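Student: Could you walk me through this structure with a few questions and answers? I am new here and would like to go step by step.

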Amino acid sequence: MLAARLHGWNTAPTVEEVAPPYPGDQEVTVDIEAAAVTHLDLTLMSGTFAYRPDLPFIPGAAGIGTVSAGDDSLLGRRVLVRGGGIGLERPGTWAEQVTAPLTAVRTIPADADAALAATCYSPMTTAWAAVDPVGHVAEGERVLVTGASGGVGSLAVQLAARAGADVIALVRDEKKAASVPPAAHEVLIGRGPEALTAAAADGGIDLLLDTIGGDTLPAFLPAMRPGGRAVLIGYVAGKTLTLDLPSLLAQDIRLLPLNMVRRPVPDEVFHRLLTDLTEQRLTLNTTAYPFTCIAQALQARTGGKVAGTVAITM
């Protein structure tokens, strides 16, 4: 079978022929239709992550496919492959086939779009957690979502608006603004004085959903309402955060880090969100590349050339 194997840290994988996998006890083999290209995959490939599997290694932490061997009750079923060390400690989904423990597969609707289903799990469940069990968005609150054109950000905009919030979307430039969902009440460009003034209007921001990290929170701390909350979700704009403690304490802002590794997602939540996406009650921009063009997919993911999620298709 064909697989994209990583031979060195911080390099592009090579598409090559490898031996097909065979399922062990409590495992299934899945014929992959589409696989996600995520920031988690990029972090693993950098060699700086806590997970450093032996090389060569097949990345890919999520994918969609059909079960072709293993558990009889799942044969022929379309499933999402995610978790169980897939793409981190054991070969991942950037291949024509992958073996996965039964605990790492969930059935999906037969009519779900492969590229969308392969890439939606992380952004949709992260956005759900940020808005609901962590952020506790309430009707009438003013919510600022950073990185609002990305996968997590765009879904957070929609879910916060669905909860009754007045959502302000923050993006880097005009091009990104075009990808913000219409559920946003206002779109701010950049982190300059005009954006800060707009965010501080009407008493300020009740909740910051920060998907990009870096110095975003310090920049918008003056625009937050005293007693507000900040959910810290991502770090594509920077992995370190420096805060002026007197300002933070004076504003009485609660910092709420979001760790999806430690947060289980109930099956009913997963299926409800996936159904909403499939039936277009929620939208997620997804760009798909052929598997043999994985280098272009990685460039698009790292270069910020696409809004939303990136998939490779077999």
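Student: Is F49 buried, partly exposed or exposed?

Tutor: Keep in mind that this is a predicted model. The relative accessible area of F49 is 24%. Buried would require under 20% and exposed over 50%, so F49 is partly exposed.

Student: How many aromatic pairs are there?

Tutor: Rings of Phe, Tyr and Trp pair if their centres lie within 6.5 Å. By this rule the count is 2 aromatic pairs.

Student: What kind of pair do the rings of F49 and Y51 form?

Tutor: Their ring centres are 5.4 Å apart, and the planes meet at 50°. Planes under 30 degrees apart would be stacked and those over 60 edge-to-face. The angle for F49 and Y51 fits neither, so the pair is tilted.

Student: And is Y51 buried, partly exposed or exposed?

Tutor: Y51 has a relative accessibility of 31%. Values between the 20% and 50% cut-offs count as partly exposed, so Y51 is partly exposed.

Student: What about the rings of Y121 and F270: how far apart are their centres?

Tutor: The planes of these two rings are at 45°, so this pair is tilted. The distance between the centres of Y121 and F270 is 5.6 Å.

Student: How many residues apart in sequence are the parts that Y121 and F270 tie together?

Tutor: Y121 belongs to helix 2, residues 114-134. F270 belongs to helix 8, residues 267-278. The pair therefore ties together parts whose separation in sequence is 149 residues.

Student: Is F270 buried or exposed?

Tutor: The cut-off for buried is under 20%. F270 has 1% relative accessibility, and its partner Y121 has 7%, which counts as buried. With its own value under the cut-off, F270 is buried.

Student: Which residue has its charged end over the ring of F270?

Tutor: Look for a charged end 5.1 Å from the centre of the F270 ring. The residue it belongs to is R106.

Student: How are helix 1 and helix 9 oriented?

Tutor: Helix 1 (residues 39-46) and helix 9 (residues 294-303) pack with their axes 11 Å apart, at an angle of about 100°. Angles from 65 to 115 degrees count as roughly perpendicular, so helix 1 is to helix 9 roughly perpendicular.

Student: Which residues of helix 9 make the contact?

Tutor: Helix 1 contributes H39, L42 and M45. The contact residues divide into 3 nonpolar, 2 polar and 1 charged. On the helix 9 side they are L298, R301 and T302.

Conventions: Residues are numbered from 1 along each chain as its sequence is written. This is a predicted model: local features need pLDDT of at least 70, side-chain atom pairs count only at pLDDT 80 or more; totals for chains, interfaces and linings use all residues. Side-chain values use heavy atoms; hydrogens and water are left out. Axes are lines fitted to C-alpha atoms, for helices over the stretch in contact, and angles run from 0 to 180 degrees between N-to-C directions. Helices (H or I, at least four residues) and strands (E, at least two) are DSSP runs, numbered from the N terminus. Angles under 35 degrees count as roughly parallel, over 145 as roughly antiparallel, 65 to 115 as roughly perpendicular and the rest as oblique. Contact means heavy atoms within 4.5 Å. Ala, Val, Leu, Ile, Met, Phe, Trp, Tyr, Cys and Pro count as nonpolar, Asp, Glu, Lys and Arg as charged, and the others, Gly among them, as polar. Rings of Phe, Tyr and Trp (its six-membered ring) pair if their centres lie within 6.5 Å; planes under 30 degrees apart count as stacked, over 60 as edge-to-face and the rest as tilted. Buried means under 20% relative accessible area, exposed over 50%, partly exposed in between (1.4 Å probe, protein chains only). A charge sits over a ring if NZ of Lys or CZ of Arg is within 6 Å of the ring centre and within 35 degrees of the ring normal.
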